[in-house]
Amino acid sequence: MAWAPWGCCLWLVLLCATAWSHSDAANLERTDVRNCSSSPPFLPVTAVNTTARIAALRQQIKAQNLSAYIIPDTDAHMSEYIGSQDDRRAWITGFTGTAGTAVVTMDKAALWTDSRYWTQAERQMDCNWELHRTGAIASWILAEIPAGGRVGFDPFLFSINSWQSYDVALQDSNIELVSITANLVDLVWGSERPLLPSQPVYALQKDFTGSTWQDKVADIRNQMQQHSKAPTAVLLSSLDETAWLFNLRSSDIPYNPFFYSYTLLTNNSIRLFANKSRFSPETLQYLNSSCTGAMCVQFEDYDQVRDSIQAYAQGDVRIWIGTSYTTYGLYEVIPEDKLVEDTYSPVMVTKAVKNSKEQALLKDTHVRDAVAVIRYLVWLEKNVPQGTVDEFSGAEFLEKLRGEEDYFSGSSFETISASGLNAALAHYSPSAEVHRKLSTDEMYLVDSGGQYWDGTTDITRTVHWGTPSAFQKETYTRVLMGNIDLSRLVFPASTSGRVVEAFARKALWDVGLNYGHGTGHGIGNFLCVHEWPVGFQSNNIAMAKGMFTSIEPGYYQDGEFGIRIEDVALVVEAQTKYPGTYLTFEVVTLVPYDRNLIDVNLLSPEQLQYVNRYYQTIRNKVGPELLRRQLQDEYEWLQRHTEPLAARAPHTSSVAYMVAACTVTILSWNS
């Protein structure tokens, strides 16, 4: 076809329009994001006016004789999720994304966040703020702050590594990094700041714990005595550490059943830094709080932890810390010669390995969770063709179904309910305002989980109710192959997850595809859904029998669809032909994969055998529970979706067979 001149002009117009739509200049015509270069500046209705907040903060900065103030997006325990009263960066900037750091100087205010949140930041921030998409924060500070300047920060919001990185970057600049324990944003926030949580702290029933808190304390003390540096105390800063140690739970943190606390465990005392008024008389008695012996929990005020640790460190002591979760606010008051440092505390490492009772509890949790997810998939299969389900209403209904299960305490994270192109965003979550309809013409990805008294769950399934493309089926099947290959892998004990992680990617790598997120994470017993230090990253500890991890390869076609298949698996001892200590995984998630998306011809005989054994396990464990509850539709759905898979003869073989058959027939006619 000839390229006519008018076609060339049209092509240029379209090209320019496309380029314009992908540049910052596009904001001139958009009404959903700010445009700070227009006169007057344009702000969407979603933008937050931060003028008064920044002015008040600058007064505090000036009063402290500072040049700048850094505002991270964390709390004093390095929590993955933070309470509303700790969401300082969101309040000062107006930007509510879950990742970002702000810096305010006397004449500028800047925010750094990753690409997931750029559009959201442009919608929520006013023109007081610069949005930085690239570049290191420390480099910007060096460019903006003159020699002799002072940069303030709240030491309780800085990890040890964060402080060290800033300290090194500013070392030769004659710019001082200043630790200020009174948070300046809190001073400005004042009475508008949400109140601290006051819900009761409660002890888990014995049926839902793997061992008593006294046994756990004795075990940690035994590890202290065996340590080569003979620590006299262990300092616990992460909220899940104290919750696990004492079998205590509450609801201070979204999606996590924790309460604000620290623990200082010594050879002969136990100090719990928490709000004592939140503990009932029964819980105080459970903790032996009325005595002073080695197995008696002594309460101290939460806000006094820094002073108390500093006073303790004056003696002939050695304090064992996990540097990943201890903030600089405590680290800086402990003399270097009094520190015993490991990446993770002994509690963090110990709780990663579940005992037999904890394993049984978590397996039971997954049976009930499977019922809820299967009910949801059946409901979707019935209602999506009617056009009555969207991403948000689907996520709400799934939480309702989980809420009908025994021992349910809430979701374990914000549900990722994503249809079509939204599923290509690995961490997309819908809202009441922003969501898409579910359709039989598109793939649908749902990544969700529950908190139950006996365990925590996390599962992802991707489905298609219509006719998927050949590419969609291939990529889904290759993701499944990666899931299978890692799940059935046999490997030496004490192997790090990062060493075997590539097995989940190989089927994608074989055809030049990949995914950009981690392959899995640890999971707790009614604790964190992303429980460190288990997983497949370089900073995870070696795999050990009794650990639980997710296995979740994926593939994301930008602007079209996304696939993720996530199961939770228990690390178990492998049965090998020859003697040796080897491990493998036992998958405890019990929901079938989408048959409509599996190209069985891509699966090896071993992979087919694995899936069919897995399906039989699902039938054996979930089927009786569905029947017990008289969920007949769900039971029949389960039976259909766990029918054994069988490889089909390749198309070329079928053709050859037909040709041979026809030849024989013709010859027989001629004879």
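A cavity here is a set of points, on a 1 Å grid over the protein atoms alone, where a 1.4 Å probe fits but cannot get out. Its volume is the space filled by probe spheres set on the points, which are joined across faces, edges and corners. This is a predicted model: local features need pLDDT of at least 70, side-chain atom pairs count only at pLDDT 80 or more, and totals for chains, interfaces and linings use all residues. Residues are numbered from 1 along each chain as its sequence is written, and side-chain values use heavy atoms, with hydrogens and water left out.

## Empty spaces

Let's start with the holes. Rolling a probe the size of a water molecule over the atoms shows where empty space is left. The structure holds four cavities of 30 Å³ or more, and the largest cavity has a volume of about 110 Å³. It is lined by 15 residues, and the closest to its centre are Lys 216, Trp 244, Arg 249, Glu 358 and Asn 525. (A lining residue has an atom within 4 Å of a point.) That lining divides into five nonpolar, four polar and six charged residues. For these classes, Ala, Val, Leu, Ile, Met, Phe, Trp, Tyr, Cys and Pro count as nonpolar, Asp, Glu, Lys and Arg as charged, and the others, Gly among them, as polar.

Then there are pockets, each an open set of points with protein on both sides within 12 Å along at least five of seven lines. The second largest pocket has a volume of about 690 Å³. Of its 25 lining residues, Arg 88, Arg 193, Leu 196, Tyr 302 and Asp 303 are the closest to the centre. Its lining has 10 nonpolar, five polar and 10 charged residues.

## Helices that cross

Now for the helices. Helices (H or I, at least four residues) and strands (E, at least two) are DSSP runs, numbered from the N terminus. Two packed helices are described by the angle between their axes and the distance between the axes. Axes are lines fitted to C-alpha atoms, for helices over the stretch in contact, and angles run from 0 to 180 degrees between N-to-C directions.

| Helix pair | Angle | Axes |
|---|---|---|
| H16 (residues 470-487) and H19 (residues 605-628) | roughly 80° | within 10 Å |
| H14 (residues 356-383) and H20 (residues 632-641) | roughly 90° | within 10 Å |
| H8 (residues 213-226) and H9 (residues 239-246) | about 120° | 7 Å apart |

The crossing angle makes H16 roughly perpendicular to H19, a label for angles of 65 to 115 degrees. Where these two meet, Met 481, Ile 484, Asp 485 and Ser 487 in H16 touch Gln 607, Tyr 610 and Val 611 in H19, contact meaning heavy atoms within 4.5 Å. Four of these residues are nonpolar, two polar and one charged.

What about H14 and H20? The contact includes Ile 374 and Arg 375 of H14, along with Trp 637 and Leu 638 of H20. By class, this contact has five nonpolar, one polar and six charged residues.

In the third pair, Trp 213, Lys 216, Val 217 and Ile 220 of H8 meet Trp 244, Leu 245 and Phe 246 of H9. Here the split is six nonpolar, no polar and one charged. Lys 216 and Trp 244 are also among the residues closest to the centre of the largest cavity.

## Two sheets and a helix

Strands of a sheet pair through backbone hydrogen bonds, either parallel or antiparallel. For pairing, DSSP has to find at least two bridges between two strands. One open sheet has three strands in the order E15-E18-E19, with antiparallel pairing. Strand E15 (408-411) and strand E19 (455-456) are at the edges with a single partner strand each, so one side of each is left without a neighbour in the sheet. Three bridges link E15 to strand E18 (residues 450-452), and Gly 410 stands opposite Gln 451 in E18. Helix H15 (residues 391-403) lies across E15 and E18, at about 165° to E15.

Another open sheet of three strands runs E16-E17-E20, again antiparallel. Its edge strands are E16 (416-419) and E20 (459-464), and the twist averages 10° from one strand to the next. Six bridges join strand E17 (residues 443-448) to E20, with Asp 447 opposite Thr 460 in E20. H15 packs on this sheet too, touching E16, E17 and E20, and its direction makes about 145° with that of E16.

## Backbone oddities

Most residues other than glycine have a negative phi, and most peptide bonds are trans. Ser 39 and Pro 40, however, are joined by a cis peptide bond with omega about 0°. Pro 40 is in the loop between helix H1 (5-21) and helix H2 (51-63).

Notes. Angles under 35 degrees count as roughly parallel, over 145 as roughly antiparallel, 65 to 115 as roughly perpendicular and the rest as oblique.
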